[in-house]
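Subject: Structure for you to look at

Dear colleague,

I am passing on the structure we spoke of, and I would be glad if you read the notes below with it open in front of you.

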Amino acid sequence: MASEHDRAVLQAIFNPTTPFGDVPGQHQEEELIDDDSGFDTELLKNVKELEMQGVSAAEAGDLQCALQRFSQAIQILPQRASAYNNRAQTLRLQGNTAGALEDLDRAINLSGVSGLSACQALVQRGLLHRLEHQDEKARADFEKAAALGSEFARQQAVLLNPYAALCNRMLSEAINKLRNPDIL
């Protein structure tokens, strides 16, 4: 098994634009999950089945059926974040960005900004903010999702950080000068 230092070196080799020692997921102890312990087990089982049906319908291209399944899940357990997150994805696919943002806000609030649903909702909302050229809002969402363990969000937050972009460009120029000292 590789040591922490070995992983940092490999990260620097394969991802030279990241700071040395920044190994994604290195300090994440456990898999990200939602805390569903406060819900009735039978209702939770039904809601999860409806969500699975909704995901299957969306994958098959039947967005209307998916929307119905996620809405049914929300009616059964309106305090559970996951179905709002899934419905937001379906609404986005239908072109309803405002509805998607509303469901994502609800999912994030219900989750207490922790767990898998929060992480996924923050990433989705960050992407929607980027599409609307609201980079500061997007970066804030990506940073929160990155803190929850999303590697994709971490990369997006770095891309949106103007100081990191400037430092990366300067570092790349310095490395190129070291590799090719004769070229000005």
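The notes that follow deal with the nonpolar core and then with the salt bridges.

Please bear in mind throughout that this is a predicted model. The largest nonpolar core has 31 residues, and among these Phe142 and Ala145 touch the most other members. Two or more residues come from each of helix 2 (41–59), helix 3 (63–76), helix 4 (81–93), helix 5 (97–111), helix 6 (116–131), helix 7 (135–147) and helix 8 (151–160), with helix 6 giving the most, namely six residues. If residues up to four places away in sequence are left aside, the contacts of Phe142 include Val123, Leu127, Phe152, Ala157 and Leu160, and also Arg130 and Gln156.

Turning to charged groups, the structure holds nine salt bridges. In one of them aspartate 103 pairs with arginine 87, with 2.5 Å between the closest N and O atoms; because aspartate 103 lies in helix 5 and arginine 87 in helix 4, the pair ties together parts that are 16 residues apart in sequence, and both residues are buried.

Aspartate 141 forms a salt bridge with arginine 125, where the closest N and O atoms are 2.7 Å apart, and this pair links helix 7 to helix 6. Aspartate 141 counts as buried because its relative accessibility is 3%, and arginine 125, at 13%, counts as buried as well.

Within helix 7, arginine 139 and glutamate 143 are four residues apart, about one turn of the helix, and they too form a salt bridge. Finally, Asp36, Lys48, Glu51 and Arg80 are linked in a network of salt bridges.

With best wishes

Note on methods:
Residues are numbered from 1 along each chain as its sequence is written. This is a predicted model: local features need pLDDT of at least 70, side-chain atom pairs count only at pLDDT 80 or more; totals for chains, interfaces and linings use all residues. Side-chain values use heavy atoms; hydrogens and water are left out. A nonpolar core is a set of buried Ala, Val, Leu, Ile, Met, Phe, Trp, Tyr and Cys residues joined through side-chain atoms within 4.5 Å. Buried means under 20% relative accessible area, exposed over 50%, partly exposed in between (1.4 Å probe, protein chains only). Contact means heavy atoms within 4.5 Å. A salt bridge is a side-chain nitrogen of Lys or Arg within 4 Å of a carboxyl oxygen of Asp or Glu.
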